Amino acid sequence: MAPRLDFTSEAFFRDPPKAIAALRASAPVVATRFPLVGDVWVTTTHDATAQVLKDSTIFTLRKEDGDVAGLRWWMPGLVRTIANNMLTMDEPDHTRLRSIVDEAFRRRAIVAMEPRIRAIADGLADELFAKGSPADLVQSYARILPLLVISELLGLPMADRPRFIAWANSMSSLTNVVSFFRLLLAFRKMLFYLEQQLQIARERGGEGLIAELVQVEREGGQITPDEMVSMVFLLLAAGSETTTHLISGSVYELLRNPGLRDWLEEDWSRAGLAVEEFLRFVSPVQFSKPRYVRRDVELEGVPLKKGDRVMVMLAAANVDPAVHEQPEHLDLTRKPNRLISFGTGIHFCLGHQLARIEATCALEALFTRWPKLGLAVDSAQIHWRKRPGLRAIAKLPVVAVDSQPVDFRDATTSRSQPNTDRPSRSGEASRSPAM
C-alpha cells in the first residue's frame, strides 16, 4: 500500500524529496486522491513521468467525447472556457493552436528581450525596500517581475498592471473547493478585460503579443474567439505565476545557504547553470494536468485500466535517484541536469526560454543591488501556500543589512527601527556550489 500523502501539507512542501521517496518505495505509479481533481494515479519516477508525457495516444488530456480530464462535473461553464486552451488539447487541435502562438512568439524574439528584462529587474531591486524593511520578496519582487514582463510582452497597458497584480494574488489563494468558487469573480473580470484588449487590437492594431496573435488570426490562423481569449489568459497566468515561485524559491535557497550565494556572486556567468538546478530542486510546478488512460496498459509494471486518470509528478521525476545523483542535494554545478520541469513531448512548455531568462536576470539584479540580503526570520518560519500542484512560498521576508531574526507578523513594528545585526540562517554552508 502506498503511504497517504497530503500534497498541500507543510511537511510535503518543506521537504519534497523525503515525502516523494516514501511514495516511490511503494511503486513507480500510485493511486491517490488529489485536491480538486479527485481519484488519480500519480507517477513517482522519471521514466514513468516521461512515458506518460511522451505517449499522447494512450495518455490523453480529453476523452473521446471531448471532456477535459482535469474538469469535474460541478465546475461552471466559465472554467470550461478558460480550460479550452492548448494545454488541454490533444492532436490535431493542440498543433493547430500551438502553431498560432509559436508564430506570434517567433515574431517577438524572446531572447532579444533580455536587456529589457534585466532593466525591469534592476528597477524592482532598487525599490525593494521603498516601503520599509523587512520586505516580502514574493510580493515586492518575485511576483511583480514576471507580471511586468508578460504584460509588456502581451502589449497590455502599463496603467492596468495593478489589476494583474490583484488578479495574480487572487489566483495564489486557490487551495480548495471553497477558494475555487471565490476565484470565479476574478476569472470573469479577467476574461472580460482580455476580450476588450483583443477587440482593441483587432480594431486599432498595436504592439505586443496580443497584436501578433490577432495578425496571425487575420492571416488565416484557425482559432475561435473563445480559444483566443483562453490563449491570452493562459499566457498571462502561466507566464507569471510559475516563474514567481521559481524566483522566490531560488532566492530562499541562496539565503539559507550563503556559501552557494557566494559561489554564484563570484561569477554571474554561472547563473544559467544555477537556474537549471533551481528548476530541478525547487520544482515550482509539481504536477502536470490529469490525463485519461485510453486503453488498458501497464505503466512501469503497474496495470492501469481504460478510463483511469493519471497525473505525472514532475517534482518526483526531478528527484529520482535513478536519474540524478544525490537528488536531495542542491548542486549548482550539476551536469548533466536531466530536469523535466518544463515537461516533455508535444506539451513541452512554450515559455521555458522566457522563464529561464527572467530567473537569471532576477537573481543577478537582486544580489548585485543587495549583496548583504538576508532572511528576516529563521527559515523555520517560512511557509508554503496550501496550493495543490504548485510549490509556492507564501511570504519571504528579507532585510538588506545585518539584523536579528524578527517575526514577520510584527513587521509593521520592526520597520520603524533600523536593524544592525546579522540574521541567523539555517543550513550554513562553506563556499561550495553543492549542498
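By a cavity I mean a set of grid points, taken over the protein atoms alone, where a 1.4 Å probe fits but cannot get out. With that in hand, I can say that the structure holds four cavities of 30 Å³ or more, and I should add straight away that this is a predicted model.

Let me stay with one of these cavities for a moment. The second largest cavity has a volume of about 60 Å³, and the residues lining that cavity are His245, Ser248, Gly249, Tyr252, Glu253, Val282, Trp384, Arg391 and Ile393. Which helix supplies the largest share of that lining? Helix α14, residues 241-256, does so, with five residues. Sorted by class, the lining of the second largest cavity is made up of four nonpolar, three polar and two charged residues.

Two of those lining residues, Ser248 and Tyr252, come up again when we turn to leucine 396, because, with contact taken as heavy atoms within 4.5 Å, both are among the residues that leucine 396 touches beyond its neighbours within four places in sequence. Others in that set include Ala135, Leu137, Val251 and Ile382. Leucine 396 also belongs to the largest nonpolar core, which has 121 residues, and there Leu128, Leu137, Tyr141, Leu373 and Leu396 touch the most other members. The element that gives the most to this core is helix α18, residues 352-369, with 10 residues. A second core, separate from that one, has 17 residues, among them Ala48, Leu53, Val297 and Leu299.

As a frame for these details, the chain has 19 helices and 10 strands, and of its 435 residues 56% count as buried. If we take contacts between residues at least 6 apart in sequence, 74% of them join residues at least 24 apart.

Now to arginine 280, which lies in helix α16, residues 271-282. Is this arginine buried or exposed? Its relative accessible area is 0%, and therefore, with the limit for buried set at under 20%, arginine 280 counts as buried. As for its polar partners, a polar atom of the arginine 280 side chain lies 2.8 Å from the backbone oxygen of asparagine 318, and the side chain also reaches the backbone oxygen of proline 327 at 3.0 Å. Beyond its neighbours within four places in sequence, the contacts of arginine 280 include, besides Asn318 and Pro327, the residues Val319, His324, His329 and Arg334.

I would like to finish with the backbone, where a few places deserve a careful look. A cis peptide bond, with omega about 5°, joins glutamate 91 and proline 92, and proline 92 sits in the loop between α4 (77-82) and α5 (93-108). Another cis peptide bond joins lysine 335 and proline 336, with omega about -10°, and here proline 336 is placed in the loop between α17 (314-317) and α18.

There are also positive phi values in residues other than glycine. Serine 283, in the loop between α16 and β5 (291-293), has phi near 45°, and with a relative accessible area of 3% serine 283 is buried. Glutamate 300 has a positive phi of about 55° and is found in the loop between β6 (297-299) and β7 (302-304); at 38% relative accessibility, glutamate 300 counts as partly exposed.

Notes. Residues are numbered from 1 along each chain as its sequence is written. This is a predicted model: local features need pLDDT of at least 70, side-chain atom pairs count only at pLDDT 80 or more; totals for chains, interfaces and linings use all residues. Side-chain values use heavy atoms; hydrogens and water are left out. Helices (H or I, at least four residues) and strands (E, at least two) are DSSP runs, numbered from the N terminus. Buried means under 20% relative accessible area, exposed over 50%, partly exposed in between (1.4 Å probe, protein chains only). A polar contact is a pair of N or O atoms within 3.5 Å; within protein, one must be able to donate a hydrogen and the other to accept it, and residues adjacent in sequence count only if both atoms are side-chain atoms. On a 1 Å grid over the protein atoms alone, a cavity is a set of points where a 1.4 Å probe fits but cannot get out, and a pocket is an open set with protein on both sides within 12 Å along at least five of seven lines; lining residues have an atom within 4 Å of a point. Grid points are joined across faces, edges and corners, and a volume is the space filled by probe spheres set on the points. Ala, Val, Leu, Ile, Met, Phe, Trp, Tyr, Cys and Pro count as nonpolar, Asp, Glu, Lys and Arg as charged, and the others, Gly among them, as polar. A nonpolar core is a set of buried Ala, Val, Leu, Ile, Met, Phe, Trp, Tyr and Cys residues joined through side-chain atoms within 4.5 Å.
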